[in-house]
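Please look at the sequence and the model together before reading on. The paragraphs below move from a part of the surface to the whole chain, and then to single elements.

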Amino acid sequence: MIRYASPTFLFRDRCPRELEKIMQRLARCGFEGLELYGMFGYDSAAIRGFCRSSGLRIVCDHIHYAEFVEQPEAVINARASVGAQFLTVDNLPEDALPGQPGFPETVRQLERLGRLCRAAGVQLLYHNHGYDLMRQVQGTPVLDLILDALDPELLKFQPDLGWLVLGGGDPARYLEKYRDRCPIIHLKDFYASAPIRMESPFLLGKQRGGPEYHHFEFRPSGYGVMNFPQLMPAVLACHPKWITTDHDESYERNTYEDMQMSLTYVRKLVDITKAMQIDT
């Protein structure tokens with residue numbers, strides 16, 4: 001059974017002050033889970049209390065590679081204690097990427113983190129951005145090289161479909177290649193007036209892109225240029241445990257309304273796709 005999660009990234013500036021309120025509002029929208037981006041200054045007991053009052057489960061947390069490597073036990077124990085089943089690592093340093101001298105050490109560290117996570121009953125994931133596709137070694141994206149260097153049981157994949165497209169990749173190919181490795185899938189959506197490639201979610205900050213970025217902006221899932229109806233059969237073939245609606249920034253729009261729009265769209269699309277598969 002697929003469950004639906006919301007990221008906290010959209011609410012990042014407000015989470016240190018009002019995480020419980022945010023969780024309660026998202027639960028009323030119909031979400032079942034929440035992805036953290038750090039603990040926002042709360043201890044584990046406080047977040048467990050927020051889960052009880054809202055009914056939301058903590059699905060995972062996104063951890064920067066440097067923090068994870070420096071304090072693995074503390075990072076894992078804190079997140080496991082709030083019920084997280086997954087921990088996502090991203091933002092590998094430049095010198096830690098494939099093709100760089102530090103990549104063999106990166107592989108060793110990710111293997112170590114994967115084993116520590118498994119011992120704690122947590123699964124380690126890797127989350128892509130655009131740079132994972134745009135940077136290549138002899139024609140192969142570093143995303144493939146990272147994932148293919150690790151035992152699939154130690155490092156699974158959290159594909160962000162929007163960032164796969166923004167990096168110049170084919171999300172259908174990645175969903176097929178790593179079909180058995182995707183317990184959480186992000187359905188990021190965006191608009192641009194022409195094809196565009198972007199490396200990082202922080203490139204524009206909270207601003208829309210100007211003409212040089214083809215008027216890029218993030219949009220609720222299903223309201224941008226992503227062809228989710230075409231991709232949904234491949235998404236479902238991965239048998240994900242969670243689907244996360246995700247668009248990074250709401251600008252002047254109401255973030256809760258954006259998330260409600262995303263959830264309503266994705267749920268309906270999943271139901272339609274399943275019904276069509278049964279009919280055929």
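**A guided reading of the model**

The lining of the largest pocket contains, by class, eight charged, seven polar and six nonpolar residues. The structure shown is a predicted model, and every value in this text is computed from it.

Where is this pocket to be found on the model? A lining of 21 residues surrounds the largest pocket, and those nearest its centre are F9, Y37, H62, H64 and D90. Two elements each give two or more residues to this lining, namely β3 (57-64) and β9 (184-191). Of the elements, β3 gives the most, with three residues. The volume of the largest pocket is about 270 Å³.

The view may now widen to the whole chain. Its secondary structure consists of eleven helices and eleven strands. How does the radius of gyration of the protein chain compare with that of a compact globule? For 280 residues, a compact globule would have a value near 19 Å, and the chain has 18 Å, which agrees. Along the principal axes, the C-alpha atoms fill a box of roughly 45 × 45 × 45 Å.

Burial and contacts add to this picture. Of the 280 residues, 54% are buried. The protein chain exposes about 11900 Å², and carbon and sulfur atoms supply 50% of that area. When contacts between residues at least 6 apart in sequence are considered, 80% of them join residues at least 24 apart.

Helix α2, which spans residues 44-54, shows burial within a single element. Which of its residues are buried? They are S44, I47, G49, F50, C51 and S54. An α-helix has 3.6 residues a turn, so residues three or four places apart point the same way. The buried residues of α2 pack against four elements: α1 (15-29), β2 (33-36), β3 and α4 (72-80). Strand β3 is thus met again, as it also gives three residues to the lining of the largest pocket. Just after α2, residue G55 takes a positive phi of about 85 degrees.

The last stop is M261, a residue of helix α11 (residues 255-279). Is M261 buried, partly exposed or exposed? Its relative accessibility is 31%; buried means under 20% and exposed means over 50%, so M261 counts as partly exposed. Leaving aside residues up to four places away in sequence, M261 touches P220 and Y223. Along the chain, M261 and Y223 are 38 residues apart, while their C-alpha atoms are separated by 8.7 Å.

Technical notes: Residues numbered from 1 in each chain as written. Predicted model: local features only at pLDDT ≥ 70, side-chain atom pairs only at ≥ 80, totals over all residues. Heavy atoms only, no water. 1 Å grid on protein atoms, 1.4 Å probe; cavity = no way out; pocket = protein on both sides within 12 Å on 5 of 7 lines; lining within 4 Å. Points joined across faces, edges and corners; volume = space filled by probe spheres on them. Nonpolar A, V, L, I, M, F, W, Y, C, P; charged D, E, K, R; others polar. Rg over C-alpha atoms; globule rule 2.2 N^0.38 Å. Buried < 20%, exposed > 50% of the residue type's maximum accessible area, 1.4 Å probe, protein only. Contact = heavy atoms within 4.5 Å. Areas by Shrake-Rupley, 256 points an atom, 1.4 Å probe, with all protein chains shown as cover.
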